[in-house]
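The following exchange examines how descriptive labels are assigned to a structure. Each reply sets a value against its definition and then concludes.

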Amino acid sequence: TGAIGLYNIGQSCCLNSLLQVFLMNIHFTGILRRITVPPRAVQKRKNVPYQMLLLLEEMQCSKQKAVSPVDLAHCLSVYKVKLFVQHDAAQLFLTLWNLIKRQMKNPELAGKLSDLYTICVQEQVACQKCLFETKRNSSMLTLPLPVLDANSHMLKTLEDCLQCFFHPEELTDQNMCFCEQCGRKTPFLQSMKLVHLPQTLTIHLKRFCFEKSAHIHKLSHYLPFPQDLDFNAILTENQCQADDNEKAAWQYELFAVVAHSGSTNCGHYCAYIRSLTECKWYCFNDSEVCQVSWDDVKCTYGHSNLHWGQTAYLLIYMKKHPQ
């Protein structure tokens, strides 16, 4: 099948899962194959994109069920990515992506990488007394969606999470802001509008939250997500700041799920990925790779009574191309 596993070299399940998601994305590997090879051996050992390319080629040439990512892991350790520790997949994804981008010497390729993953939103704050408002565009690599609403009630679907993320928030009482027009602190309305979505969209379900005791708690409740996602059907006109051509491309289909099982202190990651060439789902669990069904992927929706079960943590959607 061409689906090759990665050996666990010591609590590397999080890294392995993310590497599989990167390397099974043909849009990403198309960029990776065009990088400039560092001229010296010491530079090669320290270059993250080059080490990822070597790993990709080893996986594609291997006749074994799995290969070892040890050279890439040692390369990452040069940049303070710790080995043999548990990582958070959302944080490690950002760390990996930024290292790859920073070490791509070709500006064209770095730009293509940004285009492939970067989300653009417009943040607005408006004084509720004089209506003075400020706007600014900002970029992000993931949509960090809450799984609880403002009243700490469990959200029931991914669409609810998106609505909650883009819902305006009133800043009152101790959260009031200083208004330059009024010359004092006043209630503000803070809102966010969607401007641009990339080819590869990464959604971070904020399943881990702090309790009052500063203890990190995992939210494992049932939260279904669709195979097909249309942002035009979810967000209102007031939640978007984009032209019709941009919005016409906001049709997505699920590409991968990075799932977490276990507790916050003792957990394990694996990745469910839909092959873009075969259109079949595979489960990448370190060195073990097997074909699975959509029903198997749906088992990552979560369950309040099964805290140790697999729960989707990162959802990666791929933009549909018009026929």
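Q: Why is Cys177 called partly exposed?
A: In this predicted model, Cys177 has a relative accessible area of 26%. Buried means under 20% relative accessible area, exposed means over 50%, and partly exposed is in between (1.4 Å probe, protein chains only). Cys177 is therefore partly exposed.

Q: What rules govern the values quoted here?
A: Residues are numbered from 1 along each chain as its sequence is written, and side-chain values use heavy atoms, with hydrogens and water left out. Because the model is predicted, local features need pLDDT of at least 70 and side-chain atom pairs count only at pLDDT 80 or more, while totals for chains, interfaces and linings use all residues.

Q: Why is Cys177 not assigned a disulfide with Cys127?
A: A disulfide is a pair of cysteine sulfur atoms within 2.5 Å. The closest cysteine sulfur to that of Cys177 belongs to Cys127 and is 9.3 Å away, so the two are too far apart for a bond.

Q: What makes Cys299 exposed, and why is no bond assigned between Cys299 and Cys283?
A: The relative accessible area of Cys299 is 54%, and Cys299 is therefore exposed. Its closest cysteine sulfur, in Cys283, is 11 Å away, which is too far for a bond. A search of the whole structure finds zero disulfides.

Q: How do you know that helix α1 is largely enclosed by the rest of the structure?
A: Helices (H or I, at least four residues) and strands (E, at least two) are DSSP runs, numbered from the N terminus. Helix α1 covers residues 13-23, and 11 of its 11 residues are buried, so the helix is largely enclosed. Among them are Cys13, Cys14, Leu18 and Phe22.

Q: What makes Gln11 notable in its backbone, and where does Gln11 lie?
A: Gln11 has a positive phi of about 55° although it is not a glycine. Gln11 is placed in the loop between β1 (5-6) and α1. With a relative accessible area of 42%, Gln11 is partly exposed.

Q: Why is Lys80 called exposed?
A: Its relative accessible area is 74%, and Lys80 is therefore exposed. Lys80 lies in the loop between α5 (70-77) and α6 (89-102). Although Lys80 is not a glycine, its phi is positive, at about 65°.

Q: Why does Asn25 count as buried?
A: Asn25 has a relative accessible area of 1%, so Asn25 is buried. Asn25 is found in the loop between α1 and α2 (26-32). Contact means heavy atoms within 4.5 Å. Not counting residues up to four places away in sequence, Asn25 touches Tyr117, Thr200, Phe255, Leu276 and Met318.

Q: How do you know that Trp250 is buried, and what does Trp250 contact?
A: The relative accessibility of Trp250 is 0%, so Trp250 counts as buried. Its place is the loop between α10 and β14 (251-262). Leaving aside neighbours within four places in sequence, the contacts of Trp250 include Leu194, His196, Leu229, Phe231 and Cys240. Trp250 and Leu229 are 21 residues apart in sequence and 8.2 Å apart in space, C-alpha to C-alpha.

Q: Why is Gln239 called buried?
A: Gln239 has 6% relative accessibility and therefore counts as buried. The loop between α9 (231-234) and α10 (244-248) holds Gln239. Beyond neighbours within four places in sequence, Gln239 is in contact with residues including Phe166, His167, Met192 and Ile234.

Q: What makes Val125 partly exposed?
A: At 25% relative accessibility, Val125 counts as partly exposed. Val125 belongs to strand β3 (residues 119-127). The C-alpha atoms of Val125 and Lys135, 10 residues apart along the chain, are separated by 6.8 Å.

Q: How do you know that the radius of gyration of the chain agrees with that of a compact globule?
A: The radius of gyration is taken over C-alpha atoms, and the globule rule is 2.2 Å times the number of residues to the power 0.38. For 323 residues, a compact globule would have a value near 20 Å; the chain has 21 Å, which agrees. Buried residues make up 48% of the 323 residues in the chain. The secondary structure comes to 11 helices and 18 strands.
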